[in-house]
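Trainee: I would like to learn how to read a sheet and a ligand site in a model of this kind. Could you take me through one, step by step?

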Amino acid sequence: MALDVEWTTTQDRPRADNGPLLDLRRVTKRFGAVEALTEVDLRVHAHEVVALVGDNGAGKSTLAKIVSGVIQPDSGTIEIDGEPVAIPNPAGAHVLGISTVFQDLALCENLSVAANIFLGRELRASKHSPMDIDGMELASAQILRDLTVTVPSVRTPVRELSGGQRQAVAIARTLTTRPRILVLDEPTAALSVVQTAEVLMLVERLREMGLGVVIISHNLADLRAVADRIEVLRHGRNNGSFDAGTAAPEEIIGAIAGATRPIRPAWATR
Ligand SMILES: Nc1ncnc2c1ncn2[C@@H]1O[C@H](COP(=O)(O)OP(=O)(O)OP(=O)(O)O)[C@@H](O)[C@H]1O
């Protein structure tokens with residue numbers, strides 16, 4: 001079995017100077033006449049969970065798609081580890097260490113947990129060898145253990161899993177590419193209270209593992225529980241940056257609703 005399983009600490013590669021892993025500056029994106037993003041800044045460090053909030057149409061998904069390489073900005077800069085980069089497509093994002101879990105999760109219901117985790121990146125001893133099923137099951141179990149996620153078995157078909165477990169499998173799948181930055185689009189939408197708590201614990205685990213996490217959600221309570229920083233978008237612009245531990249909910253809601261004038265994050269004034 002040709003398996004080199006070493007999933008545990010590989011994400012923990014923070015910059016020596018503690019600068020951001022990901023730094024988007026003055027990113028603008030238009031769709032025809034609609035300016036979805038106007039000079040937006042977003043910065044994410046290792047071991048940091050940044051929540052991206054805003055009302056419907058605020059530009060959250062557009063920003064997530066830019067970071068994921070699904071669409072390209074019209075202007076602005078993106079830096080990884082302080083180096084300017086382009087993210088031309090999703091494969092390019094993976095190469096740069098950025099993975100995204102979109103809301104639809106893109107799981108195959110009929111396939112097992114392990115098969116989903118390695119879908120499209122199946123382990124083989126060599127190019128023409130059959131799939132290394134045992135190796136993929138072992139590695140999947142290891143990844144899930146590292147995430148402190150419990151599923152009945154790595155052989156269980158995904159259709160038999162709860163919503164929280166499905167989210168966990170989708171996240172585990174991204175870890176096979178050893179990302180440093182993970183974007184989670186509405187990971188707790190449509191989950192029960194218990195499942196939501198499980199997913200939030202999973203996000204905390206990702207932070208412990210050293211990833212920089214961007215989490216998009218409409219649920220402020222969830223975000224305040226798990227995020228370090230909350231970045232508000234409104235009408236495609238930065239509209240406030242809050243310390244999740246100390247900011248009052250009404251302050252954040254005020255920024256989401258537009259009770260304050262647009263504020264660039266303090267860290268963006270350079
Ligand atoms: N492909 C597109 N073509 C045209 N307009 C678009 C496209 N994608 C997004 N937009 C517009 O850009 C703006 C920002 O949309 P976006 O989906 O990024 O917001 P959002 O904050 O994710 O909203 P929601 O919470 O409802 O998902 C909206 O006005 C939206 O209609």
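**Reading the ligand shell and the sheet**

Mentor: Let us begin with the ligand, keeping in mind that this is a predicted model: helix H1 gives the most to the shell around the ligand, with three residues.

Trainee: Which elements each supply at least two residues of that shell?

Mentor: They are E2 and helix H1, the latter spanning 60-67. Among the residues that surround the ligand are Phe31, Val34, Ala36, Lys60, Ser61 and Thr62, and the shell as a whole divides into four nonpolar, six polar and one charged.

Trainee: How do strands of a sheet pair, and in which sense do E1 and E2 pair here?

Mentor: Strands of a sheet pair through backbone hydrogen bonds, either parallel or antiparallel. Here strand E1 (residues 22-31) and strand E2 (residues 34-44) pair in the antiparallel sense over seven bridges; Leu22 stands opposite Val44 in E2, while Phe31 has Val34 as its bridge partner in E2. The two strands form a hairpin with two residues between them, and Gly32 in the turn has a positive phi of about 60°.

Trainee: In what order do the strands of the sheet stand, and which of them are at the edges?

Mentor: The open sheet is formed by four strands in the order E2-E1-E4-E5, with antiparallel pairing. E2 and strand E5 (83-84) each have a single partner strand, so one side of each is left without a neighbour in the sheet.

Trainee: Where does H1 lie relative to these strands?

Mentor: H1 lies across E1 and E2, and runs at about 60° to E2.

Terms used
Residues numbered from 1 in each chain as written. Predicted model: local features only at pLDDT ≥ 70, side-chain atom pairs only at ≥ 80, totals over all residues. Pairing = 2+ DSSP bridges. Near = placed C-beta within 6 Å. Nonpolar A, V, L, I, M, F, W, Y, C, P; charged D, E, K, R; others polar. Contact = placed C-beta atoms within 7 Å. Axes fitted to C-alpha atoms, helices over the stretch in contact; angles between N-to-C directions.
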